[in-house]
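Dear colleague,

I am handing over the structure below, and after it I set out what was found there. Please read the notes with the coordinates open beside them.

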Amino acid sequence: MDSEDRSQFDRTQLENSVPITVANGDGIGPEIMKATLRIIKAAGARLKIEEIQVGEEVYKRGISSGIEPSAWESLRRTRVFLKAPITTPEGGGYKSLNVTVRKTLGLYANVRPCQSYDPFIKTKHPGMDVVIVRENEEDLYGGIEHRQTEDVFQCLKLITRPGTERLIRYGFEYARRYRRHKVTCFTKDNIMKMTDGLFHKVFDEVAKEYPDIQSEHWIVDIGAAKLADRPEDFDVIVLPNLYGDILSDVAAQIAGSVGIAGSSNIGDSVAMFEAIHGSAPRRAGQNMANPSGLLLAAVQMLVHIGQGDVASRVHNAWLKTIEDGIHTYDIYNKDISMEKVGTSEFADAVIERIGMKPTVLKAVDYPSKLEPIKITLKIKNKAKKELVGIDVFIDWEGDPNELGRRLEKISGDDLKLVMITNRGTKVYPDGIPETFCVDHWRCRFQSRVNGNRVQYEDLISLQSRLVDSGLPAVKTEGLYTFDGKPGYSLGQGQ
Ligand code: NAD
């Protein structure tokens with residue numbers, strides 16, 4: 001190519017380039033990002049990179065979110081974010097940047113493929129190929145926590161119908177697109193009948209619309225045990241945020257290493273791509289870290305932005321490198337590997353293999369243009385909601401029967417004290433002395449006429465009688481029915 005052709009080529013490349021936002025992160029972040037960008041550029045990725053700073057540096061400047069306003073502008077402009085891991089400083093006051101970015105940009109589905117590369121990376125599970133689709137915004141990650149008494153701290157677990165529906169629809173659409181045959185749901189709805197129960201119910205409702213895909217549900221504890229023992233029985237797994245956070249690390253580790261799994265965080269209009277591991281500060285600056293997790297996340301990004309041809313070139317070159325036994329320390333095994341290399345030498349080895357395909361491992365072939373999966377919510381429920389009582393939480397130390405007697409006296413003409421629980425277990429009436437109690441009592445008041453509506457005014461006057469009697473509420477929860485069905489759980493033992 002002469003210089004005129006070259007500059008014409010460069011101009012065309014630039015015009016076809018897709019703007020993306022990149023953050024180099026902390027710890028091993030800058031090294032693995034450098035290696036990743038070097039590889040994908042060598043494979044022909046057409047990118048216009050906007051760099052932003054997030055993480056430790058920003059936290060240390062006193063910005064507790066770890067991200068500056070100008071960075072949001074870039075993310076909202078490019079709508080594609082390739083992010084290296086960041087360090088969340090220890091101690092209180094700092095919010096996790098990852099959670100902030102996911103929630104602020106509505107990145108509701110966290111997709112984590114966990115695959116083994118037997119016989120080239122040591123694994124207990126040859127043939128493992130599981131995709132974990134984790135709900136990414138709700139559950140216990142709302143960060144809504146309170147201390148209410150000397151003894152008691154609480155965290156609010158929120159599961160919503162639309163949040164669950166779009167995650168589960170995404171799981172099924174993903175399965176259909178990538179020709180996967182089964183979607184499994186994990187919950188703990190034998191215990192959390194309302195929150196996890198909703199997740200399971202929505203799963204069953206959505207599954208009916210995908211008769212071509214098998215569906216099944218497991219209680220998360222036995223499901224997790226099965227996943228660790230026989231991952232080959234699973235294909236796509238959809239699950240609430242906390243279980244997904246834990247189980248995707250377990251799945252990546254038993255596949256071979258947390259260092260080789262990438263993830264995408266998908267929203268309606270923005271997507272973020274990152275390794276699943278953290279910033280591994282102890283390995284930072286030593287040219288040791290495995291860049292594969294971030295590189296495979298970048299492969300997912302290239303597919304997302306319609307550069308499937310480049311994604312295939314990168315992924316196949318990576319598979320060939322792994323197959324040739326060129327391994328970083330975390331996956332190096334003297335019986336399997338040919339050479340132990342550092343981060344930048346690993347990147348060189350992948351670049352040398354661009355254009356090659358693996359011979360034993362299965363080569364990939366991504367479509368060159370792929371429309372992003374778009375989700376439309378369909379489940380519409382409008383139930384009749386009626387107020388039928390109140391749970392009042394009281395900070396008090398003493399005997400439940402005494403508390404019960406005092407509350408009976410002030411419950412009034414319209415309301416009656418139905419029960420008192422401590423840590424969810426019924427202790428009044430008819431409690432037993434063996435039940436261990438702390439200083440946080442949930443006292444349930446309902447209408448004296450069973451199932452009848454109560455008036456807000458009655459609840460307000462109850463609260464003022466509680467204050468007068470020296471038993472003020474530290475928190476209250478309204479009790480509602482929806483189309484006549486209780487929207488609250490019973491006490492344990494009620
Ligand atoms: P970590 O994943 O950073 O590291 C745990 C261990 O895994 C490391 O000591 C190392 O032995 C190994 N490891 C991880 N990535 C590797 C790689 N690419 N190559 C080779 N070995 C690798 O977990 P941690 O030590 O619990 O967390 C460190 C920091 O990372 C914390 O501040 C945490 O908040 C943060 N973190 C960030 C993200 C993110 O940005 N998405 C995710 C998890 C943790």
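**Strand E11 and its neighbours**

Six of the six residues of strand E11 (residues 262-267) are buried, so this strand is largely enclosed by the rest of the structure. Please keep in mind throughout that this is a predicted model. The burial applies to both sides of the strand: Gly262, Ser264 and Ile266 point one way from E11, while Ser263, Asn265 and Gly267 point the other way, and all are buried.

Which strands pair with E11? One of them is strand E4 (residues 107-115), which pairs with E11 in the antiparallel sense over four bridges, and in this pairing valine 111 stands opposite serine 264 of E11. The other is strand E12 (residues 271-275), which is also antiparallel to E11 and is joined to it over five bridges; here glutamate 274 of E12 is the bridge partner of serine 263. E11 and E12 together form a hairpin, with three residues between the two strands.

**Helix H8**

The second element to look at is helix H8 (residues 220-229), in which Val220, Gly223 and Leu227 are buried. Seen down the axis of H8, its buried residues fall within an arc of 60°, so they line one face of the helix. What, then, covers the buried residues of H8? The cover includes four strands, namely E5 (129-135), E8 (182-187), E9 (214-219) and E10 (236-239), together with helix H9 (241-255).

With best regards

Methods
Residues numbered from 1 in each chain as written. Predicted model: local features only at pLDDT ≥ 70, side-chain atom pairs only at ≥ 80, totals over all residues. Heavy atoms only, no water. Buried < 20%, exposed > 50% of the residue type's maximum accessible area, 1.4 Å probe, protein only. Pairing = 2+ DSSP bridges. Arc of directions from axis to C-beta. Contact = heavy atoms within 4.5 Å.
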